[in-house]
Amino acid sequence: MGPNGIGKTNVLEAISYLGTGRGLRSATLQEPCRMPGDHAWAVAAQVMINGAPGPNIGIGLDPQSRSKRLVRINGANASGPLAISEYLTISWLTPAMDRLFLEGTTGRRRFLDRLVLALQPSHASTVSAYEKAMRQRNSLLSSDTPADPAWLTAIETQMAEHGVAIAAARRELIAQLQSATETQADSPFPKALIALDGTAETGLASLPAAAVEAQLLDTWRETRLRDRAAGRTLEGPHRTDLKVRHGTKDQAAEQCSTGEQKALLIGLVLAHAQMVHALTGRGPILLLDEVAAHLDSARRSALFQQLLQSPGQAWITGTDHAFFDGFNGGAQILTVRDGKIAHRPETE
């Protein structure tokens, strides 16, 4: 709790770095550094497992390279952020996501892939490998010197292999998440109908993976001239969109009111948290920045009650005491002021 601009979101962002991705702002490794300062940062935490103390974990900017993350578990260097995924699953909602259903596909695709990471941490490296190969293809196509067709085919083969793996992971997540939303019949948050709009994902609905890989290879071979003119690859899993509908109204999310869109998004995140707990036994950590905006009092109260019953931990930001009254004493309130955190609200 604390006034605007005091640093509440910074606390949530610090926790988000304990996940497998780039945090809730998708920041570079250098951005969290204090300026001016020593150009370094680190976050450490002790994990609780079923109420008992678990490992001490830490992550930060490698002081040697200044360009890599250093991960430690119980003081020993770990291979990377994927090692933490055995103990922690982190999800979040931020004000920037309020327009998720209204803006371009990039935000929805990033949101989708973050949900996949909770169950398949290796998904991040697969996406990274696909994007690296795609950049190589784009570079070859845009070169003044005609690219060797065999070289292009080799790169496109890598893209197809990674692309189908990405599409398969997304399809599995959507099936599991849709099943989880079905169990929320009495939820105050609208049931979301979710689907994927992408060539690879659609192909996997009726074809084996090898056949979909072949389709992608044919497409990329036939569209080289078009993609050269466009300066980018115009088809593939990097263009997939997450489609969401309001189940009760049978209305596309982008056509719903601002409050309904926020409620749909919260419902998806809560369903995902329940799904992760059911499949892994871990209660996810939820980071909810200004989550009550656009929610009516009934849904705000229902959210608080669901969070109190959640098997995981939730961190929520708010600007005053009244916001937290809905927890009826069930939440620990921390006050952020003058760069410090107090464990109980100060008297005004």
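**Group meeting: a walk through the predicted model**

Okay, let's start with a side-chain pair: tyrosine 17 and glutamate 13 are joined through their side chains by a polar contact of 2.5 Å. By polar contact I mean a pair of N or O atoms within 3.5 Å; within protein, one has to be able to donate a hydrogen and the other to accept it, and residues adjacent in sequence count only if both atoms are side-chain atoms.

Quick housekeeping. This is a predicted model, so local features need pLDDT of at least 70 and side-chain atom pairs count only at pLDDT 80 or more, while totals for chains, interfaces and linings use all residues. Residues are numbered from 1 along each chain as its sequence is written, and side-chain values use heavy atoms, with hydrogens and water left out.

Back to tyrosine 17, then. You'll find tyrosine 17 in the loop between α1 (8-16) and β1 (42-49). The helix and strand labels are DSSP runs numbered from the N terminus: H or I with at least four residues for helices, E with at least two for strands. Is tyrosine 17 buried or exposed? Buried, with a relative accessible area of 6%. The cut-offs there are under 20% relative accessible area for buried, over 50% for exposed, and partly exposed in between, using a 1.4 Å probe and protein chains only. As for partners, tyrosine 17 touches Arg22, Gly23, Arg25, Ala27, Pro32, Trp41 and Ile59, not counting residues up to four places away in sequence. Contact here is heavy atoms within 4.5 Å. And proline 81, 64 residues apart from tyrosine 17 along the chain, has its C-alpha 9.1 Å from the tyrosine's.

Stay in that loop for a moment. Serine 26 also sits between α1 and β1, and its phi is near 50°, a positive value in a residue other than glycine. Serine 26 is partly exposed, at 31% relative accessible area. Glutamine 30 is in the loop between α1 and β1 too, and is partly exposed at 39%. Leaving aside neighbours within four places in sequence, glutamine 30 is in contact with Leu61, Arg66 and Ser67. Glutamine 30 and tryptophan 41 are 11 residues apart in sequence, with their C-alpha atoms 8.7 Å apart in space.

If you like odd backbone angles, there's another one: aspartate 250 isn't a glycine, but has a positive phi of about 50°. Aspartate 250 lies in the loop between β7 (241-246) and β8 (251-252), and is partly exposed with a relative accessible area of 49%.

Now the other aspartate, 241, which is in strand β7. Aspartate 241 is buried, at 7%. Which side chain does the side chain of aspartate 241 make a polar contact with? That's arginine 108, at 2.7 Å. Setting aside neighbours within four places in sequence, aspartate 241 is in contact with Thr105, Arg108, Ala195, Leu196 and Asp197.

One more charged side chain before the helices: arginine 224, in helix α7 (residues 224-230). Arginine 224 is buried, with a relative accessible area of 15%. Not counting residues up to four places away in sequence, arginine 224 touches Arg137, Leu141, Pro149, Leu152, Thr153 and Glu156.

Right, helix packing, and α8 is the one to watch. At 1.5 Å a residue, the 23 residues of α8 should span 33 Å, and the end C-alpha atoms are 33 Å apart, which agrees. The expected span is 1.5 Å times one less than the number of residues. α8 is mostly covered, with 17 of its 23 residues buried. After α8 comes glycine 281, with a positive phi near 85°.

What does α8 pack against? First up, helix α4 (residues 149-182) and α8 (residues 258-280) pack at about 105°, with axes 9 Å apart. Axes are lines fitted to C-alpha atoms, for helices over the stretch in contact, and angles run from 0 to 180 degrees between N-to-C directions. So α4 and α8 are roughly perpendicular to each other. The bins: under 35 degrees is roughly parallel, over 145 roughly antiparallel, 65 to 115 roughly perpendicular, and the rest oblique. From α4, Leu173, Gln176, Leu177, Ala180 and Thr181 meet Leu268, Ala271, His272, Met275 and Leu279 in α8. That contact divides into 7 nonpolar, 3 polar and no charged residues. Nonpolar covers Ala, Val, Leu, Ile, Met, Phe, Trp, Tyr, Cys and Pro; charged is Asp, Glu, Lys and Arg; the others, Gly among them, are polar.

Then there's helix α9 (residues 297-309), which packs with α8 at about 10°, axes 12 Å apart. So α8 and α9 are roughly parallel to each other. Here Gly259, Ala263, Ile266, Leu270 and Gln274 in α8 meet Arg299, Leu303, Gln306 and Leu307 in α9. By class, that contact has 5 nonpolar, 3 polar and 1 charged residues.
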